[in-house]
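Here are some notes to read beside the structure, written for someone meeting a model of this kind early in their studies. Please keep the three-dimensional view open while going through the points.

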Amino acid sequence: QVQLVESGGGLVQPGGSLRVSCAASGSIFSVVRMGWYRQAPGKEREMVAVITSEGNTDYADSVKGRVTISRDDAKNTVYLQMNNLKPEDTAVYYCNIFIRTSSIRFATYWGQGTQVTVSS
């Protein structure tokens, strides 16, 4: 099993910054991809940013230029630095990890979610 522990969410004013973190632990053979998704009330979950084991990144158009995803392989931790936050960024942010559990098996896990609220 793999556990994901998220932290760093909270309330921030428009234009402010916030960093959320997600630490993975457990039976991880190797990490393929880590990422952040979000779900606002009444909306579907959407990808915010992902980063591969090679360091390749992808961002949602709505956050490009404002958000940076990074990872610490030694800690199996992924970070999401969010700047110039807007009210429309308000959502529950979920960490996702896609891993190898062995040389031939893969699995994906989700964190419990952390609330990010952008409001004055």
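1. Is Phe98 buried, partly exposed or exposed? This is a predicted model, and in it Phe98 has a relative accessible area of 24%, so Phe98 counts as partly exposed. The cut-off matters here, because buried means under 20% relative accessible area and exposed means over 50%.

2. The strand to study next is β9, which covers residues 91–100. Seven of its ten residues are buried, so β9 is largely enclosed by the rest of the structure. When you look along this strand, it helps to remember that in a regular strand the side chains alternate between the two faces of the sheet.

3. Several strands pair with β9, and each can be traced in turn. Strand β4 (residues 30–39) runs antiparallel to β9 and is joined to β9 by nine bridges, with Ser30 standing opposite Arg100. Strand β10 (residues 106–110) is also antiparallel to β9, through five bridges, and here Phe98 stands opposite Thr108. The connection between β9 and β10 is a hairpin, which passes through five residues. Strand β11 (residues 114–118) is joined to β9 by three bridges, again in an antiparallel manner, and Ala91 of β9 has Val116 as its bridge partner in β11.

4. A separate point concerns an open sheet of four strands, whose order is β1-β3-β8-β7 and whose pairing is antiparallel. Strands β1 (2–7) and β7 (67–72) stand at the edges with a single partner strand each, so one side of each is left without a neighbour in the sheet. From one strand to the next, the twist averages 15°. Within this sheet, β1 is joined to strand β3 (residues 18–26) by six bridges, and one position to find is Gln3, which stands opposite Ser25 in β3.

5. How many aromatic pairs does a search of the whole structure find? The search finds two. Tyr37 and Trp110 form an edge-to-face pair, with 5.0 Å from centre to centre and 70° between the planes. This pair links distant parts of the chain, since Tyr37 lies in strand β4 and Trp110 in strand β10, 73 residues apart. Phe98 and Phe106 have ring centres 5.5 Å apart and planes at 15°, so this pair is stacked.

6. The exposure of these aromatic residues can be set beside their pairing. Tyr37 counts as buried, because its relative accessibility is 18% and the cut-off for buried is under 20%. Trp110, its partner, is partly exposed, with a relative accessible area of 41%. In the stacked pair, Phe106 is partly exposed at 42%, and Phe98 is partly exposed at 24%.

7. Arg45 deserves a careful look, as its charged end sits over the ring of Tyr94, 3.8 Å from the centre of that ring. The charged end of Arg45 also sits over the ring of Trp110, at 4.6 Å from the ring centre, and Trp110 is the residue that pairs edge-to-face with Tyr37.

8. The salt bridges may be read with a general idea in mind: side chains of opposite charge can pair when their charged atoms come close. A search of the whole structure finds five salt bridges. One of them joins Arg38 to Glu46, where the closest N and O atoms are 2.7 Å apart. Arg38 counts as buried at 7% relative accessibility, whereas Glu46 is partly exposed, with a relative accessible area of 35%. Another joins Asp73 to Arg71, with the closest N and O atoms 2.8 Å apart. Asp61 and Lys64 also form a salt bridge, at 3.1 Å between the closest N and O atoms, and Asp61 counts as exposed at 65% relative accessibility.

9. Which residues are linked with Arg38 and Glu46 in a network of salt bridges? They are Arg66 and Asp89. Arg66 is placed in the loop between β6 (57–59) and β7, and with a relative accessible area of 10% Arg66 is buried. Leaving aside residues up to four places away in sequence, Arg66 touches Gln81, Met82, Asn83, Asn84, Leu85, Lys86 and Asp89.

Key:
Residues numbered from 1 in each chain as written. Predicted model: local features only at pLDDT ≥ 70, side-chain atom pairs only at ≥ 80, totals over all residues. Heavy atoms only, no water. Buried < 20%, exposed > 50% of the residue type's maximum accessible area, 1.4 Å probe, protein only. Helix = DSSP H or I, 4+ residues; strand = E, 2+ residues; numbered from the N terminus. Pairing = 2+ DSSP bridges. Salt bridge = Lys/Arg side-chain N within 4 Å of Asp/Glu carboxyl O. Axes fitted to C-alpha atoms, helices over the stretch in contact; angles between N-to-C directions. Contact = heavy atoms within 4.5 Å. Phe/Tyr/Trp six-rings, centres within 6.5 Å; stacked < 30°, edge-to-face > 60°. Lys NZ or Arg CZ within 6 Å of the ring centre and 35° of its normal.
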